[in-house]
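Hi,

Here is the structure I promised to pass on. Have a look at it first, and my notes on what turned up follow right below.

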Amino acid sequence: MNYECFNKEILCYLPDRVIEPIRMIDYSILNNIEEIRLRVNRPPMVNISGKDFILTQKGLCLPHDYENYIVDNIIIISSSDMRRCFDKVSKSSAFVFAEDINKGFITLEGGHRVGISGKVVTNNGIVKQLKEISGLNFRIAREIIGCSENCINEIIRNSIDIYNTLIVSPPQCGKTTLLRDITRVISSGYKKIEFEGVKVGLIDERGEIAACINGVPQNNIGLRTDVLDCCPKAIGMLMLLRSMSPRVIITDELGDKHDIDAILQIHNAGVRIIATVHGYDLEELKTKPYIKDIIASNVFERVLILDTGFKRGVLKSVIKTMEELIG
Amino acid sequence: MILKILGSVLVIIASSAVGYYISFTKRKRVADIEDFISAFIFFRNEVEYSSQILSKVFKQTSKVISKRVAIFFNETGVLIEENKISASDTWKMIVKKNHERLYLDNTDIDILYEFGEKLGVSYIEGHLSNITLIIEKLKIQLERAKAEYNRNGKMFRILGIISGITLVIVLV
């Protein structure tokens, strides 16, 4: 992401007092920012390559150095900073983003996600409102063209077909970035291994993969990809199956029973699936409700497990055989 | 003698014009309130059914109402899109800047300011009830404005003419 993009897509939403100190940070560092966190009555924090730093008037400092820092240089986020920041993020239209806010985030132009914390009002177990906003987390999305190069061989079966693949990774290890690039390659083809490319249906529930604005993907997701933007996964998979005749359906972060039921239906229809799931390793997945069922059902022929190190999207291991998978 | 006649005619014309102007402002106030009510009804429908962000709702509203009131909505829409100050402050600023173009009284203007209080900060239910409340308040103001115009509009016109004639009689 160049500086202009960073300015347009992230900086303009931050409180005025935070913008200048961030501008002072060297661009080579700025380019590696993963998160910017604002919390009421606390200093803003920046996560760079997996490490937290506190933002001060004079630049960044480590949390354990913070106590010794000169008071004048400290920035403390006030309630009005937070309100104004939320106002900017929601474009003064909280009512339009109510559904997203109730899920805990708003997606910005460029696929960046702003997580929201505050007071939750529920009714019969359903979130009705998130008010008194006390924290915002700007998660910066990055499109890395070619980042799937190391793992694409594991996914592709032959020149016109792929394996059903599950990508396993904890949060912030680059699974969405990887999935985006896999989508691009499978859709457009990959000359190096003579893969021709196939029609792809992408269900982008949180708008992070394609980053659509007014329905138009902002990221490169390939030539043959049809996107259902902000659509619940289970509904979207079946919609695409009926309407767009995809050869491959791709979706992010499987979780509940509906997702698993939809995956089984897609599998029965002969459409290939690539999905991601939160987790550290296969053993952990086998303890998760619903996910363990889908693993036992033999739908996925490949499981890619990502490394949890500081470098994002690095493959730790690949599980290829049923014996390994079911254990 | 000719000068006296000419002067008398001028005095009568001037006082009549004042009477007509006061009557005209009363009639225009009715029209302005009606325009704002129409605008807020359209605005409420857009908020409820179009799922558009606030700046677009303001701009859309400005396209379907009289030019005099449209300026409030268009300018607010443009400034909210720039995202430099809050929607609430933007509306208040625009009302402050433009209200003298219209013939509204202080109560009407206070109602317009009140519309800005919850702008952009509330969920849809809060927004809709706020707009509905503003529309209801403006409707009450409209009834009062109409009653005032019916009661006093004609009177001010006649009073203007009569006071002109009276002044001429006294002076001549």
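One term before the strands come up: two strands are said to pair if DSSP finds at least two bridges between them. With that in hand, a first example is R113(A), whose bridge partner in strand 7 of chain A is R139(A). Please keep in mind throughout that this is a predicted model.

Chain A as a whole

I'll begin with the overall picture. Chain A has 12 helices and 18 strands. Its radius of gyration is 21 Å, close to the 20 Å that the globule rule gives for 327 residues, so chain A is as compact as a globular protein of that length. If you want the extents, the C-alpha trace of chain A spans about 60 × 45 × 40 Å along its principal axes.

As for burial, 50% of the 327 residues in chain A are buried. The accessible surface of the chain comes to about 15000 Å², and carbon and sulfur atoms account for 50% of that. Looking at contacts in chain A between residues at least 6 apart in sequence, 63% of them join residues at least 24 apart. On the charge side, chain A carries 41 positive and 42 negative charges, and the mean positions of the two sets are 2 Å apart.

The strands around strand 6 and strand 7

This is the part I'd open in the viewer. Strand 5 (residues 105-107) of chain A pairs with strand 6 (residues 113-123) of chain A in the antiparallel sense, over three bridges. One pair to click on is I106(A), which has V114(A) in strand 6 as its bridge partner. The two strands form a hairpin with five residues between them, and in that turn G110(A) has a positive phi of about 95°.

Strand 6 of chain A then goes on to strand 7 (residues 126-139) of chain A: the two run antiparallel and are joined by 10 bridges. Here S117(A) has G135(A) in strand 7 as its bridge partner. Strand 6 and strand 7 of chain A also form a hairpin, with two residues between them. In that turn it is N124(A) that has a positive phi, of about 50°.

What else does strand 7 of chain A pair with in the antiparallel sense? Strand 1 (residues 33-39) of chain A does so, over five bridges. Within that pairing you can look up I36(A), whose bridge partner in strand 7 is F138(A). While you are tracing these, remember that side chains in a regular strand alternate between the two faces of the sheet.

Helix 4 and the loop after it

Helix 4 (residues 79-89) of chain A is mostly covered, with eight of its 11 residues buried. Charged names turn up in that buried set, which includes D81(A), R84(A), D87(A) and K88(A), alongside M82(A), C85(A), F86(A) and V89(A).

Helix 4 of chain A is followed by K91(A), whose phi is positive, near 50°. S92(A) has a positive phi too, of about 55°, although it is not a glycine. S92(A) sits in the loop between helix 4 and helix 5 (98-103) of chain A. Is this loop serine buried or exposed? S92(A) counts as buried, because its relative accessibility is 1% and the cut-off for buried is under 20%.

Two exposed spots in chain A

E194(A) is another residue other than glycine with a positive phi, near 55°. You'll find E194(A) in the loop between helix 7 (175-188) and strand 11 (200-204) of chain A. E194(A) counts as exposed, at 64% relative accessibility.

N268(A) belongs to helix 9 (residues 257-268) of chain A. At 66% relative accessibility, N268(A) counts as exposed. Its C-alpha atom is 9.3 Å from that of V299(A), which is 31 residues away along the chain.

And one in chain B

Finally, a look at S51(B), in the loop between helix 1 (2-49) and helix 2 (54-62) of chain B. S51(B) is exposed, with a relative accessible area of 55%. Leaving aside its neighbours within four places in sequence, S51(B) is in contact with V96(A) and E46(B). S51(B) and I124(B) are 73 residues apart in sequence, with their C-alpha atoms 10.0 Å apart in space.

That's what I have for now.

Cheers

How values were computed:
Residues are numbered from 1 along each chain as its sequence is written. Chains are lettered from A and ligands numbered from 1 in the order in which they are written. This is a predicted model: local features need pLDDT of at least 70, side-chain atom pairs count only at pLDDT 80 or more; totals for chains, interfaces and linings use all residues. Side-chain values use heavy atoms; hydrogens and water are left out. Helices (H or I, at least four residues) and strands (E, at least two) are DSSP runs, numbered from the N terminus. The radius of gyration is taken over C-alpha atoms; the globule rule is 2.2 Å times the number of residues to the power 0.38. Buried means under 20% relative accessible area, exposed over 50%, partly exposed in between (1.4 Å probe, protein chains only). Contact means heavy atoms within 4.5 Å. Accessible areas come from the Shrake-Rupley method with a 1.4 Å probe; for residues, only the protein chains shown count as cover. Lys and Arg count as positive and Asp and Glu as negative; His and the chain ends are not counted. The place of a charge is taken as NZ of Lys, CZ of Arg, CG of Asp or CD of Glu.
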